[in-house]
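This report goes through one protein chain, from individual residues to the overall fold. Please keep the sequence and the model in view while reading.

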Amino acid sequence: MIYKEFQPDKLLTDFVKNYWWFDNSAAQQLDFTILPDGCFDLIVSFDNYKQEEISLTGLWTKQVEVSIEPNRQLFGIRFKLLAVDYILQQKISPFCNSEQILEHDFWQIDQLSFTNLESTTENLDKIMLKIVSKQKSIDNKKQNLFNLLYQTHGQKTVEWYSQQVFWNARQINRYFKDRFDVPLKSYCKILKCFDAFKHIKKGQLYPEKNYFDQSHFIKDLKKYTGNKPTELFENKNDRFLQLTTMKEK
């Protein structure tokens, strides 16, 4: 298995978390559980380096099981939620916990060479920067809200975020349901759970912050990942891809 990540242009950091590449160079099928991370992805799939399909995922609110056949490759753009309005310019709510197949020539990705991934990501940077440059302006309330969500890992209350960005909580929830089919409170829990993974990987199985007690923490983890902290920590057969590839900090 080969897994790599690449950082986007600094001007895209509000919209793109990273690019990633996965290559099953093994002789057998690889099975993984993908856990919700608060992002959504554009995924280009290859069969022996020949492009086959482009898909756009919705937001994941539960774990998803994936199987990757030998000689299969995947390239992805891991988007932050602000990209829905200013890069993709479409709602992803209709396919929450699923995906939408895109045209094979979307963004003319079929014309890109994936033999040099650094060059590929630079070309995609240019495509997205061009799209962003055509936007009249970015809504400060949305931009500030998402920056706060990522900085705090969803640890605050909906009311706290609402007050910080001067945006009515009811309006925020309407926006989240319309764009992502997830209320802000649930999205915050997804971010909190994902942030806990770095502690779980180190064997710290108790909540680090902002959980009332251990049972509350386990309940949320079970809801959004389908697993208990001990199962995530054990990570048998490197089943949880994000935990397997997560770098120690």
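## Phe176 and its surroundings

Outside its neighbours within four places in sequence, Phe176 contacts Leu81, Leu145, Phe146, Leu149, Asp181, Val182, Pro183, Leu184 and Tyr187. The model is predicted. Phe176 lies in helix H5. Its relative accessibility is 0%, so Phe176 counts as buried. Tyr187 is eleven residues from Phe176 in sequence, and the two C-alpha atoms are 8.9 Å apart.

Tyr175 also lies in helix H5. Tyr175 counts as buried, at 7% relative accessibility. Beyond residues up to four places away in sequence, Tyr175 touches Asp85, Lys142, Phe146, Trp167 and Phe180. Phe146 thus appears among the contacts of both Tyr175 and Phe176. Lys142 is 33 residues from Tyr175 along the chain, with 9.7 Å between the C-alpha atoms.

## Helix H4

Which residues of helix H4 are buried? In this helix, residues 158–165, they are Val158, Tyr161, Ser162 and Val165. Seen down the axis of H4, these buried residues fall within an arc of 100°, so they line one face of the helix. An α-helix has 3.6 residues a turn, so residues three or four places apart point the same way.

What covers the buried residues of H4? The cover includes helix H3 (140–152), helix H5 (169–180) and helix H6 (184–201). Just after H4, Phe166 takes a positive phi of about 55°.

## Positive phi in two loops

Most residues other than glycine have a negative phi, and most peptide bonds are trans. Asn71 is not a glycine, yet its phi is positive, at about 65°. Asn71 sits in the loop between strand S6 (64–68) and strand S7 (72–79). Its relative accessible area is 43%, so Asn71 is partly exposed.

Trp107 is another residue other than glycine with a positive phi, near 55°. Trp107 is found in the loop between strand S8 (99–102) and helix H2 (117–133). Is Trp107 buried or exposed? Trp107 is buried, with a relative accessible area of 18%; the cut-off for buried is under 20%.

## Strand S5 and helix H8

Thr57 belongs to strand S5 (residues 50–57). Thr57 counts as buried, at 2% relative accessibility. Leaving aside neighbours within four places in sequence, Thr57 is in contact with Phe40, Asp41, Ile43, Ile92, Phe95, Ser98 and Glu99.

Asp41 also serves as a reference point for Gly203. The two are 162 residues apart along the chain, and their C-alpha atoms are separated by 29 Å. Gly203 is placed in the loop between H6 and helix H7 (214–225). Gly203 is partly exposed, with a relative accessible area of 33%.

Gly203 is one of the residues that Phe233 touches. The others are Ile200, Lys201, Lys202 and Leu205, not counting residues up to four places away in sequence. Phe233 is in helix H8 (residues 229–234). Phe233 is partly exposed, with a relative accessible area of 40%. Phe79 is 154 residues from Phe233 in sequence and 26 Å away in space, C-alpha to C-alpha.

The C-alpha separations are set out here.

| Pair | Separation in sequence | C-alpha distance |
|---|---|---|
| Phe176 and Tyr187 | eleven residues | 8.9 Å |
| Tyr175 and Lys142 | 33 residues | 9.7 Å |
| Phe233 and Phe79 | 154 residues | 26 Å |
| Gly203 and Asp41 | 162 residues | 29 Å |

## The whole chain

The secondary structure of the protein chain comprises nine helices and eight strands. For 249 residues, a compact globule would have a radius of gyration near 18 Å, and the chain agrees, with 18 Å. Its C-alpha atoms fill a box of roughly 50 × 50 × 30 Å along the principal axes.

How much of the chain is buried? Buried residues make up 49% of the 249 residues. Among contacts between residues at least 6 apart in sequence, 71% join residues at least 24 apart. The chain exposes about 13,100 Å², and carbon and sulfur atoms supply 47% of that area. The chain has 35 positive and 32 negative charges, and the mean positions of the two sets are 8 Å apart.

Notes. Residues numbered from 1 in each chain as written. Predicted model: local features only at pLDDT ≥ 70, side-chain atom pairs only at ≥ 80, totals over all residues. Heavy atoms only, no water. Buried < 20%, exposed > 50% of the residue type's maximum accessible area, 1.4 Å probe, protein only. Helix = DSSP H or I, 4+ residues; strand = E, 2+ residues; numbered from the N terminus. Arc of directions from axis to C-beta. Contact = heavy atoms within 4.5 Å. Rg over C-alpha atoms; globule rule 2.2 N^0.38 Å. Areas by Shrake-Rupley, 256 points an atom, 1.4 Å probe, with all protein chains shown as cover. Lys, Arg positive; Asp, Glu negative; His and termini not counted. Charge placed at Lys NZ, Arg CZ, Asp CG, Glu CD.
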